Amino acid sequence: MDDSMIVDQYLSRNEEAIKSTAAKYGKALNTLAFSFLEDHATADECENDTYFAAWNAIPPHEPRNYLFPFLRKITRQLCLNRIKEGKRQKRRAEIVQMSEEMANCLPSAQSVESELDAQALGKAISSFLKSISKDRREVFVRRYWYLESIKSIADHCGISESNTKSILFRTRTELKLYLEKEGYTI
Amino acid sequence: MNQRDPLELIGYLDDSLIDEITPCPTPQKRPLRFRYLAVAALIAALLTALTAFVFAFIKHPPTATDPLPPSESLILPEDDLLYVTIDINPSVEFTVKGQTVIAFKAYNDDGAAILKDEEYCGKHLSSVIPAFMEKLMEEGYLKPGDDLSVLLISARGSTDSAIEALLDTVVDIAEKTLSEEQIQACLLAEPILDAQKAEEMADLYGVSPGKIQYLMNIFEYDMDLVPADAAEFTLVELFRIDMKRRLYPPKYQVGEYDEYGELVLYVSIYEEPNHQYVPFEALSKEEQAELKRNYSQEDLDIMFAPRVWTTMPNVVGLPKEEAVDLLHSRNIAVRITYVHSLDHLVSGDDFKRGDCVKQEFKPGRRHNSDAIVTIWVYQ
């Protein structure tokens, strides 16, 4: 079933929408949730929560051409919330560290209150990432979007951990300068 | 007011950027297997020839007639208890009296799994070690083919000569076994001379005395490591650090963490009589590959940029201001450390307060002129 038909099911409040979504994207969403949470049971819960959130979000959204990215974004946010609330101290500490790393190169939370502000900032960061090499971009996205550990990134990219840290440090520094040039106050 | 987490903001990245990346596969619980690239195997092989305490070798084709080492030739004490630890990821230990195993135990879960249902007590070392290694092969920790595994054998006991004899014995047996099975392996052998310290630290960090000793050996050269890393890093990861340190002594330093934990990047390169600075292109392909793995392109550009070299002046004994002026006149940046006592730092009492009492790097060394040099000033 194509995405547009699934979205139609959501729009017509047909509960088959959730089954269709699970059949098409369930495995991918579960894998993604596990990569964030490192816990199978919580990943299953987040997958189910994603369907519920999608049910509530469509309508007003109509992600006919971007259903998976739409769901993926929901899953990521749900996982982030779970980690912050969760009892797994080590994973929570990792996420806090990543959050602090990003806090030093992104505008303050108060200045990005609205959805539109956040979208504009997302576009600016994306533009910056598109301007750097693919290798560096991969390291950055793995770290801060996929929330992977330094070790995991180093292993996956075939570089050392110190090199990974160095690339992240440089990229954050350049991102901060880029955003300041774009008019953001860091 | 809804305050957004920075990581939440990253969630707004363009989908195309996220689609580029495949997330890491879901990890499965399985025994660790060490896989090495061919380059790493070559480098490891190179190392073996250079290392004093590492007996590394690439195995020859099997010769069915090779006998096990004759036990009569061993000079192991008959009455003393000796301990041999074998680490590959399973960590196990055999207690030996004479040449007979009288006890054995595991230091981790993998070790316990591999020792389960095995009985080695009362058996001769020459049968126990091959039997144990065959078990490692069955479980996939040692495998014939192109993979390179790292096997660490450590020994401790009452006297240095007994430790040496035990190491020789076990290494010989392990070497023969690996040869017969056509397994490429890097065999590391190390004596544990301060057994009590190694045992205490091993107990503290939940690893074998052999692994903690190996970490301490590396630590002498790599101060970034902490004892807890013995539990964090696999043996292969420690070996990689060791390998990197051996191939690349600290002639390149491209960053350090400041007191706030922030990475500060700079480059410091120096020449030594036996370790000349060479352009990147002049390095072997293996060395280039290793450097590329460890440093980003930006680091490499800095490290191998054309250099202006200067000879380090001798500033020891000069007042701080004169020392700094002299170093600055050669474009060398200076970092000053103040000391209130000369104990353990320099000998003699010829220094006045305000004098530079020590410098790093030493006078006469050729150094890149934009490097940072530390001087110690008596205050």
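1. Start with α7 and α8 of chain A in this predicted model. On the α7(A) side the contact uses Glu138(A), Val139(A), Arg142(A) and Arg143(A), and these meet Ile153(A), His156(A) and Cys157(A) of α8(A). Sorted by class, that makes three nonpolar residues, one polar and three charged.

2. As for the geometry of that pair, α7(A) covers residues 134-144 and α8(A) residues 150-157; their axes come within 10 Å and cross at roughly 145°. The hand of the crossing is right-handed.

3. Over in chain B, have a look at α5 (residues 125-138) and α6 (residues 160-180), whose axes come within 9 Å, with a crossing angle of roughly 50°. That angle falls outside the roughly parallel (under 35 degrees) and roughly perpendicular (65 to 115) ranges, so α5(B) and α6(B) count as oblique to each other. This crossing is right-handed too.

4. What do the two chain B helices bring to their contact? From α5(B) come Leu125(B), Ser126(B), Ile129(B), Pro130(B) and Met133(B), while α6(B) offers Thr169(B), Val170(B), Ile173(B), Ala174(B) and Thr177(B). Seven of these are nonpolar and three polar, with no charged residues in the set.

5. Last, the interface between the chains: 30 residues of chain B touch 47 residues of chain A. Which helices of chain B supply at least two residues each to that side? They are α1 (6-10), α2 (15-19), α11 (285-294) and α12 (297-303). The biggest giver is α1(B), with five residues. By class, chain B's side of the interface has 14 nonpolar, seven polar and nine charged residues.

Terms used. Residues are numbered from 1 along each chain as its sequence is written. Chains are lettered from A and ligands numbered from 1 in the order in which they are written. This is a predicted model: local features need pLDDT of at least 70, side-chain atom pairs count only at pLDDT 80 or more; totals for chains, interfaces and linings use all residues. Two residues are in contact if their C-beta atoms, placed from the backbone, lie within 7 Å. Helices (H or I, at least four residues) and strands (E, at least two) are DSSP runs, numbered from the N terminus. Ala, Val, Leu, Ile, Met, Phe, Trp, Tyr, Cys and Pro count as nonpolar, Asp, Glu, Lys and Arg as charged, and the others, Gly among them, as polar. Axes are lines fitted to C-alpha atoms, for helices over the stretch in contact, and angles run from 0 to 180 degrees between N-to-C directions. A crossing is left-handed if the near helix is turned anticlockwise from the far one by less than a right angle, and right-handed if clockwise. Angles under 35 degrees count as roughly parallel, over 145 as roughly antiparallel, 65 to 115 as roughly perpendicular and the rest as oblique.
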